[in-house]
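Colleague: I'm new to this one, so could you take me through a single part of it up close? I'd like to hear about the nonpolar patch on the surface and the helices behind it.

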Amino acid sequence: MTTVAEPATETGGVLSPQYRALTIGMVALITLTAFESLAVATAMPTVAQALDGLNLYALAFGGPLASGVVAMVVSGTWCDLKGPTRPLWHGTAWFLAGLIIAGLAPSMEVLVVGRVIQGFGSGLLMVALYVVVGHLYPAGLRPRIFAAFATGWVVPSLVGPTIAGLIVEHASWRLVFLAVPAIAIPAVLVMRPGLARRSGYDVRPGKLWDKRALWAVAAAVGVGLLHYGGQQRGVLQIVLLAIGLAGVVVFGPRLLPSGTFAFGRGLPSVIALRGLVAASGFGAEVFLPLMLTRQRGLSPALAGLVLTISALSWSAASWYRGRPKQPFSHAVFLQAGMVAVVLGIVTAALTLSPQVPILVGILGWSLTGFGMGTVFPTLSVLVLEYSERDEQGANSSAAQLSDSLSTATILAIGGSLFAAMEPHSAVLAYLVAFGLPAVLALLGVPAGRRT
């Protein structure tokens, strides 16, 4: 066994000479991953039409979600057994290979294969990046790097869909997939010197494909069925959603720390809160532009502007959480952030009424963004603080699994309820669509105290 020293004490910021290359490379990879997710969502209608593959449209999104669940578990185990470097390189390679396959795909079937490979690589990559932070950055710098990660996710939401739309309209949809590797490869090469600073990692015996990996496969099938079933209709939808939900409910908890669903003190509540904040924020976000355009008559551009303002408030909150010498404890920030998410969702939902000015909804949703920007970096810091060195991979994996499984579940349930109710009462359908995420966010307030 090779012993690894703890990260050195803080001697500068995340862009100081000893961390600069690693920080830039990691944030670039986060940004490219986020951009690709948003860009593909924008381009996929054109892709499906061009490849005559509308019947596989849902699978093109559900496939990478499912493979990502498996990859997160494998990456967590791999990081704890061998260190994060190998899963980082492998994840990057799988991610880029999937993009190239999708970009060159002659048919929709091949594109779906590429998307599944891309999702697997993304799952490996994201967990490994979080473990790199735990291994190579001192505790004092972790809030700053996680704030930078959060910004890396937010910035693409400001420009990603627009850029993707212009590429599809004026060039080729294939560039949406093929342009990312040209930027990602230099970002990976930039990271190499920073990763080389390590003095070795603890190497432990163990299997990558153990029973947890099998549970992950079962949960991944559940996620895929939830996503696919949510876009069907009739009896088929009910059957697929029931089977998918059963897979997530039965096997998902086995991949998370004991006590997660009981909000056990410490790490279990951190993992639970990661799922609650993701499901509440993203579960409400998908219905907001729809409500603003259909119920209030806004143009798609103006409805998108609401999301842009929220993204800016998210980025501002993340920047603040990354500053040193914070005045309050982590628990206070988490509770305040979840209260902001609740109030933001409720305020945005008020714009269902024509008597409520649109400005109220804009301010409300920016409050939700501010709350999520406060909570996400705080949770990332706590995951590492509560993890022994040889548990950082498993616990980082659990946090991201909680995020993915909770979001997939609430989107499937909320979307199905909305589709069933909307033809009869649009107002009631939107109230349910916003009400479910608001309840989840409300549960997160006491959970924040138990972290």
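Modeller: Sure, and keep in mind that this is a predicted model. Let's start with a pair of helices: α14 and α15 are roughly antiparallel to each other, because the angle between them is over the 145 degrees that this label asks for. Their axes cross at roughly 160° and come within 8 Å. Helix α15 covers residues 426-449, and α14 passes α15 in a right-handed crossing.

Now for the patch itself. Leu245, Val249, Val250, Ile413 and Leu417 form a nonpolar patch on the surface, and together these residues have about 360 Å² of accessible area. Which elements give two or more residues to the nonpolar patch? They are α8, spanning 234-251, and α14, spanning 392-421. So α14, the helix that crosses α15, turns up here again as a contributor. The largest share comes from α8, though, with three residues.

Pick out Leu245 if you want one residue to look at: Leu245 lies in helix α8. Is Leu245 buried, partly exposed or exposed? Its relative accessibility is 31%, so Leu245 counts as partly exposed, given that this class runs between 20% and 50%.

For comparison, have a look at another helix pair. The axes of α3 (residues 85-103) and α6 (residues 174-195) also come within 8 Å, and they cross at roughly 165°. That makes α3 roughly antiparallel to α6. The crossing of α3 and α6 is left-handed, while α14 and α15 make a right-handed one.

Terms used
Residues are numbered from 1 along each chain as its sequence is written. This is a predicted model: local features need pLDDT of at least 70, side-chain atom pairs count only at pLDDT 80 or more; totals for chains, interfaces and linings use all residues. Side-chain values use heavy atoms; hydrogens and water are left out. Patches are made of residues with over 30% relative accessible area and no salt bridge: like charges are joined within 9 Å, nonpolar side chains (Val, Leu, Ile, Met, Phe, Trp, Tyr) within 5 Å. Accessible areas come from the Shrake-Rupley method with a 1.4 Å probe; for residues, only the protein chains shown count as cover. A salt bridge is a side-chain nitrogen of Lys or Arg within 4 Å of a carboxyl oxygen of Asp or Glu. Helices (H or I, at least four residues) and strands (E, at least two) are DSSP runs, numbered from the N terminus. Buried means under 20% relative accessible area, exposed over 50%, partly exposed in between (1.4 Å probe, protein chains only). Axes are lines fitted to C-alpha atoms, for helices over the stretch in contact, and angles run from 0 to 180 degrees between N-to-C directions. Angles under 35 degrees count as roughly parallel, over 145 as roughly antiparallel, 65 to 115 as roughly perpendicular and the rest as oblique. A crossing is left-handed if the near helix is turned anticlockwise from the far one by less than a right angle, and right-handed if clockwise.
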